[in-house]
Amino acid sequence: MSKAQTFQEVILRLQQFWSDKGCIIAQPTDVEVGAGTLNKHTFLRVLGPEPWNVAYVESCRRPTDGRYGENPNRLQHYYQFQVILKPAPNNPQELYLESLRAIGLDPIEHDIRFVEDDWEHPGLGAAGLGWEVWAQGMEVTQFTYFQQCGGLELDEVACELTYGLERLAMYVQDVDNLYDLVWAILPSGQKVTYGDIHKQDEFEWSHHNFTHANIEMLARHFKDYEAQAKVLLEQKLVLPAYEYALKCSHLFNLLDARGAVQAIDRPLYIGQIRDLAKQCASSYLESRQELGFPMLVSAAS
Amino acid sequence: MNLILEIGCEELPASAIQVATEFLPKQLSEELKSARLDFEAIESFGTPRRLLLLVLNLSASQKDLDSEVLGPKVEIAFNATGQLTPAGLGFLKARNISPESAYQKTSDKGTVLAAKIHEKGRPALAVLSELLPKLILQIPFAKTMRWEKSKTRFARPIRWLLCLLDNQVVPFEIAGVTSSNKTCGHRFMSPDFQTVTQETYFDFLKQNNVIFDREKRKALILEKAHELAKSVGGHLNEDAELLNTVANLVEYPWPILGNFDADYLKIPQEILICEMREHQKYFSILDSNQNLLPYFIIVAGAQPIAEKQLAAGNARVLKARFADGAFYYEEDLKKKLTDFITEPPQKLIDWALKLDNNPNLKRAAYLCKADLNTGVVGQFPELQGIMGSIYAHKNGENAEVVQALREQYWPRFSGDKTPSTKISALLSLADRLHTLTYRKLPKGSADPYGLRRAAIGLTRIILDKKFKLNLQDLISNAEVLDFVMTRAKGVFLESTPVLVVEATQTAANYDLCAWQARIGALEKFDYAAVSAVFKRVSNIVAKNPTSQGGTLKEPSEIALLKAVGSIQVSEDFAHMLSQLANLKPLLDTFFAEVMVMTDDLELRQARLNLLAEVQHKAAHVADFSKLTL
């Protein structure tokens, strides 16, 4: 396959590839998240017996990784391409390698390797076994067989592929600086770069994350959102509750970037988020059960 | 017959390959023996994608088995007229025994109906098809996973099973995968599945870029890596652990030379080497002064189409890593090491001062954990201690302090060196004492704070540096003290028979160096010749308290008294042992000629007191009663 010429072409080809393989092409969540795993399309849908094949771009925020737009490899906001295959097929590695070829990455040329990495997110009670996939010594994808989520052992093992889009595109386009990535080539021939689109964000958000985010306000909002999530859980409104839990998680990340999380408070914050995540998981599973696992039924018919 | 088993997997972790290739041949050998199948040899090999198990010259079928089976008691098996009852007939019928070949057998349980049965051995193929799937699922991996609906657990998903007994497929199924005579080569270079036979299997692997023997992969990597290092005027920074790791990452290793901008050499080379090793799994190259050269060696997983491009791609990743390392390093340098101390490690400092009231030690203890808060150590935890010493040096700290920071975690693993200076060693000791007394002791095999390692390290430092310390004075908690002494004993047991270690423990009285000295002296001494007589002494003394006694009179006891009196209790255990050896003939004569428990109570007490004196001197070196078998 020819190389994808632009960042957006990488996305378009991956979407086409996984759509052809039977995935629903979903969209990013509109709440700030640190990873595509936190999107309900993954975190909640991997629970229970219902089949679920989905692919989507996720817009991720990691406030502490900000470098004011000066580091050619680090961003406080970046993109993942997330794929969930549930139940896991019997050839996910082959499918994955095929998807790399689809964007123009040859596995031998790029020395693709599966390096042991057991992914774990204690804050979400989530864990799985799998690999970091390396291309020429760089991790470009996290490949995980989900075993546990929200503290619950999974009925069906789901396969999760998380592509780091900027890193992949840097290989496809052979550039050293991610801001030089060509995002799009307009019909006029004009090239729009990643820098054109995101450099100002990185500069401003780095200042926000490290200096200007109001600590007292963040801590207050954390409390408010945590309380709201609990109320919603009591009302069995699990999807809104889960969004408030996500907000808490992002507020914690911001507080962390501001250096406002004392070592002694850290387990406390993480514990609160984990409790919410776990309650959302078990409450979601219950709600699907009450509905009679509708997608299981429609898959069978 | 020969057996080939190949378990085809998605990329296995290095540790899983290790566990499986150790377990499989050992366990299969036992299983075959108990299944009455003879064989000449079993071998096992592993790559990230396949585990191999080979059996040479396996017998075609089980040996026949002759055995005796016992049935119901005769009074139940036969009726009054001597006819077989339904119970008796049932027993014979179930085992296909004719009534004529049955007989009566009397044992302590009474007389029963019995028969000899002859079990014909089954073909190896049938036995293996039951045995192998069980064996495969028994491998004791540290971590396992599920991946399909049968919920079978293995280290990584099993994707194919090749199993040939000579050229017949041994049929079985695991997790939906059925055994066959097909395998595939290298993931990218020869991915197609093909039929193989006993004759073609190994050639197939070779021609399809699979080097199934890890030792061969290692040798290949080393040879090429040395060559590459030499080609740029340096030598390979040898690293056995890294070699193991990379050899277990690929089926067809292909070392390639890359280079980086020499500008980065202004960053401490520890950071650069750590980046290359830990994050990238690259080998580094050093010059003759052990200084880093701006090159690295990647071990690719296939022969690349374009080596230069592959090297350049890896160099780009490394550049990003180095740039990040440089960023953290330069950020750290904007502060002094003391600025990173949020709270002085007071307990550790107290421990250090308890060991030695030395200002440099105190300073080192104050600074030693500061680097845990630096940016570089945050990114590279492996560099703890090293970064502290680099920053301390830049801040103009005393050289002894700088050295102590660098060596505070030594020994880091079994067989590692201990700290080189007294201050370094005391700091390391204080750190371990703090950990051991502050953390909860581990239960079971988990040891999250590394307390076992801490106790072993503590022992090795004390012994290497000959620190005269009484651990009982230092560690007040009896459980912790016991924990440490058990590890110390373990260290001695690595090189000394258990009798000698145990016989000297009490006398050493929580002083590890004194324990070691006693062990050393005793090992060079023929204790077997004297142990019995000293044991006799100790038995008598244990039963009889000392008190005021009368006067000794027999020549043999007076000779013994004189000899015992001349033995000086000292730390020269070799000398004491030779003197104690001299007592042996005197004691023998004493016991032969003198009756200790005489009716003359005053004389009896005098003799008991004499033996108590012998015991006192002997026990200073060892408890001889523990040295007799």
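In chain B of this predicted model, strand β7, residues 158-165, and strand β10, residues 177-180, run parallel and are joined by 2 bridges. Within this pairing, Leu161(B) has Ser179(B) of β10(B) as its bridge partner. Strand β10(B) also pairs with strand β9, residues 173-174 of chain B, here in the antiparallel sense and again over 2 bridges. The partner of Glu173(B) in β10(B) is Thr178(B). Between β9(B) and β10(B) the hairpin has 2 residues, and Ala175(B) takes a positive phi near 50°.

Strand β7(B) has a further partner. It is joined by 7 bridges to strand β1(B), and these two run antiparallel. You can locate this pairing through Leu3(B), whose bridge partner in β7(B) is Leu165(B). Strand β1(B) in turn pairs with strand β3, residues 50-56 of chain B, in the antiparallel sense over 6 bridges; there, Leu5(B) is matched with Leu53(B). Is strand β1(B), residues 3-9, mostly covered or mostly open? It is mostly covered, with 6 of its 7 residues buried. As a general point, the side chains of a regular strand alternate between the two faces of the sheet.

I turn next to a second sheet of chain B. It is an open sheet of 3 strands in the order β4-β6-β5, with antiparallel pairing. Strands β4, residues 65-73, and β5, residues 103-107, are its edge strands, each pairing on one side only. On average, and ignoring direction, neighbouring strands of this sheet are turned by 45° against each other. The pairing of β4(B) with β6(B), residues 110-119, is antiparallel and extends over 7 bridges. In it, Leu65(B) has Glu119(B) as its bridge partner. Helix α3, residues 86-94 of chain B, lies across β4 and β6, and runs at about 165° to β4(B).

Two helix pairs in chain B also merit attention. The first consists of α11, residues 359-367, and α14, residues 399-407; their axes come within 9 Å and cross at roughly 45°. That angle is why α11(B) and α14(B) are classed as oblique to each other. The crossing of α11(B) past α14(B) is right-handed. On the α11(B) side, the contact is made by Asn360(B), Arg363(B), Ala364(B) and Leu367(B), and on the α14(B) side by Glu400(B), Val401(B), Ala404(B) and Leu405(B).

The second pair is α20, residues 512-523 of chain B, and α23, residues 573-593 of chain B. The axes of this pair come within 9 Å, and the crossing angle is roughly 45°. Helices α20(B) and α23(B) are therefore oblique to each other, and their crossing is right-handed. Here Ala517(B), Arg518(B) and Ala521(B) of α20(B) meet Phe573(B), Ala574(B) and Leu577(B) of α23(B).

How many residues does each chain give to the contact between chains A and B? Chain B gives 26 residues and chain A gives 26 residues. On the side of chain B that touches chain A, β16, residues 292-300, and α9, residues 307-333, each supply at least two residues. The largest share of that side comes from α9(B), which supplies 7 residues.

In chain A, I would draw your attention to helix α7, residues 238-257. Does its length agree or disagree with what its residues should span? At 1.5 Å a residue, its 20 residues should span 28 Å; the end C-alpha atoms are 29 Å apart, so the two agree. Helix α7(A) is mostly covered, with 16 of its 20 residues buried. Just after this helix, Gly259(A) takes a positive phi of about 70°.

I close with two glutamates, one from each chain. Glu120(A) is found in strand β5, residues 120-121 of chain A. Because 15 other C-beta atoms lie within 10 Å, Glu120(A) is partly exposed. From C-alpha to C-alpha, Glu120(A) and Ala35(A) are 13 Å apart in space, although 85 residues apart in sequence.

In chain B, Glu22(B) is found in helix α1, residues 14-34. Glu22(B) counts as partly exposed because it has 14 C-beta neighbours inside 10 Å. Glu22(B) and Phe45(B) are 23 residues apart in sequence, and their C-alpha atoms are 9.1 Å apart in space.

How values were computed:
Residues are numbered from 1 along each chain as its sequence is written. Chains are lettered from A and ligands numbered from 1 in the order in which they are written. This is a predicted model: local features need pLDDT of at least 70, side-chain atom pairs count only at pLDDT 80 or more; totals for chains, interfaces and linings use all residues. Two strands pair if DSSP finds at least two bridges between them. Helices (H or I, at least four residues) and strands (E, at least two) are DSSP runs, numbered from the N terminus. The expected span of a helix is 1.5 Å times one less than its number of residues. A residue is buried if 20 or more other C-beta atoms lie within 10 Å of its own, exposed if 12 or fewer, and partly exposed in between; C-beta atoms are placed from the backbone. Axes are lines fitted to C-alpha atoms, for helices over the stretch in contact, and angles run from 0 to 180 degrees between N-to-C directions. Angles under 35 degrees count as roughly parallel, over 145 as roughly antiparallel, 65 to 115 as roughly perpendicular and the rest as oblique. A crossing is left-handed if the near helix is turned anticlockwise from the far one by less than a right angle, and right-handed if clockwise. Two residues are in contact if their C-beta atoms, placed from the backbone, lie within 7 Å.
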